[in-house]
Amino acid sequence: MLNRVSRRCFCTAAAASTTPSPWLFVGLGNPGEKFKGTRHNVGFEMIDAFAGSLGISMNIPLCKALFGEGFVGDAPVLLAKPQTYMNLSGESAGPLAAYYKLPLNRVIVFHDDMELPCGVLRLQEKGGHGCHRGLKSVINHFRGNREFARLRIGIGRPPGQMDPKAFLLQKFNAIARERIDAALPEGVVALRCILFEGLTRTARWFNQEQKYKYIRSETMST
C-alpha cells in the first residue's frame, strides 16, 4: 500500500503490475446514531456486512472516512464510510482514490436507490448520478469522471405524496428491514466474486439473478 497523498490525475485503466491492484469500496451514508438504520444509510450497511464477513475493523480515520483494509485471497480491499454527511461524500472518496493512486475502474460506490424495489441490488460499471447527491459529490471530486462502478441497493419509492427527503431519512419498517437484511449477504457474495472473476463477468450473472428477484417483487406487489 502507498503511504503518501498523491494529486495525480485520475485514469480509467490500471497500470500493469505483478501485484493485484487494490479495490476501493466506498459505502455512502450519514454518520451518527441518528441516521443508523435509515434508508439513506444502506451503503454503510453493505460496507459493514462486507467488513464483518472478513473480520475487518472499520475504525481507522483516513480522508474524512472510517476506513479498514484487508485481503480476500491475494486481493487487497480498502473499505471506507465517509463521515462528511451524504451530500459531501466526494470530499472523502476523491482523496482516498488519489491517496492510493487508484484508477477509477478499481472503485465501487455503494448507495441507496429509489428506482429499485426494496432489497433488489444491481451492479453498474459506470453512469451518472441520477439526482443522488452523494453520487453527484463523488463524481465532482473525481473531476467529472463517471467511469467508476456502483452497487445500487434498492430501497423502493416513497408512498403516495411523501417527500422523498423524509422517506430517505426514515428507518425501514419490518418488512423492508427483512428484505434489506436478506440482500446484504447477497451483495457480499457478489463483491467477493468481483475480486476473483472481475466486475464485468460478475455483473452479468449477478444482475440476471437480481432481475428475477425484481420480477418476483413486482408480482408480489400487484
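**Group meeting: a walk through the predicted model**

Let me start with one residue, N41. At 4% relative accessibility, N41 counts as buried, because the cut-off for buried is under 20%. Keep in mind that this is a predicted model. Where does N41 lie? N41 sits in the loop between strand 1, residues 23–27, and helix 1, residues 42–54. The side chain of N41 reaches the backbone oxygen of F35 at 3.4 Å. Leaving aside residues up to four places away in sequence, N41 touches L28, G29, N30, F35 and K36.

Now the overall layout. The protein has 6 helices and 7 strands. Along the sequence, the order reads β-α-β-β-β-α-β-β-α-β-α-α-α. There are 222 residues, and 51% of them count as buried. The protein exposes about 11,000 Å². Carbon and sulfur atoms supply 53% of that area. On contacts, take the pairs at least 6 apart in sequence: 73% of these join residues at least 24 apart.

Next, strand 7, residues 149–154. How many of its residues are buried? The count is 6 of the 6, so strand 7 is largely enclosed by the rest of the structure. A149, L151 and I153 point one way from the strand. R150, R152 and G154 point the other way. Both sets are buried, the two arginines included.

Which strands pair with strand 7? One is strand 5, which pairs with strand 7 in the parallel sense over 6 bridges. On that strand pairing, look for D113, which stands opposite G154 in strand 7. The other is strand 6, residues 121–124. Strand 6 and strand 7 run antiparallel, joined by 4 bridges. Here L121 stands opposite I153 in strand 7.

On to the nonpolar cores. The largest has 37 residues. Which of them touch the most other members? They are F25, F50, I108, F110, L151 and L191. Helix 5, residues 174–197, gives the most to this core, with 9 residues. Apart from this core lies another, of 23 residues. Its members include L28, F67, L104 and V109.

Let me stay with I108 for a moment. Again setting aside residues up to four places away in sequence, I108 touches W23, L24, F25 and V26. I108 also touches A149, R150 and L151, along with L191 and I194.

Two backbone oddities. Y85 has a positive phi of about 80°, although Y85 is not a glycine. Y85 lies in the loop between strand 4, residues 75–82, and helix 2, residues 90–99. Y85 is partly exposed, with a relative accessible area of 45%. K101 is the other case. Its phi is near 55°, a positive value in a residue other than glycine. K101 lies in the loop between helix 2 and strand 5, residues 107–113. At 30% relative accessibility, K101 counts as partly exposed.

Last, cysteines. A disulfide is a covalent bond between the sulfur atoms of two cysteines. How many does a search of the whole structure find? The search finds 0 disulfides. Buried or exposed: which word fits C131? C131 is exposed, with a relative accessible area of 71%. C193 is buried, at 18%.

How values were computed
Residues numbered from 1 in each chain as written. Predicted model: local features only at pLDDT ≥ 70, side-chain atom pairs only at ≥ 80, totals over all residues. Heavy atoms only, no water. Buried < 20%, exposed > 50% of the residue type's maximum accessible area, 1.4 Å probe, protein only. Pairing = 2+ DSSP bridges. Polar contact = N/O pair within 3.5 Å; in protein donor to acceptor, adjacent residues only side chain to side chain. Contact = heavy atoms within 4.5 Å. Disulfide = S-S within 2.5 Å. Core = buried A, V, L, I, M, F, W, Y, C linked by side-chain atoms within 4.5 Å. Areas by Shrake-Rupley, 256 points an atom, 1.4 Å probe, with all protein chains shown as cover.
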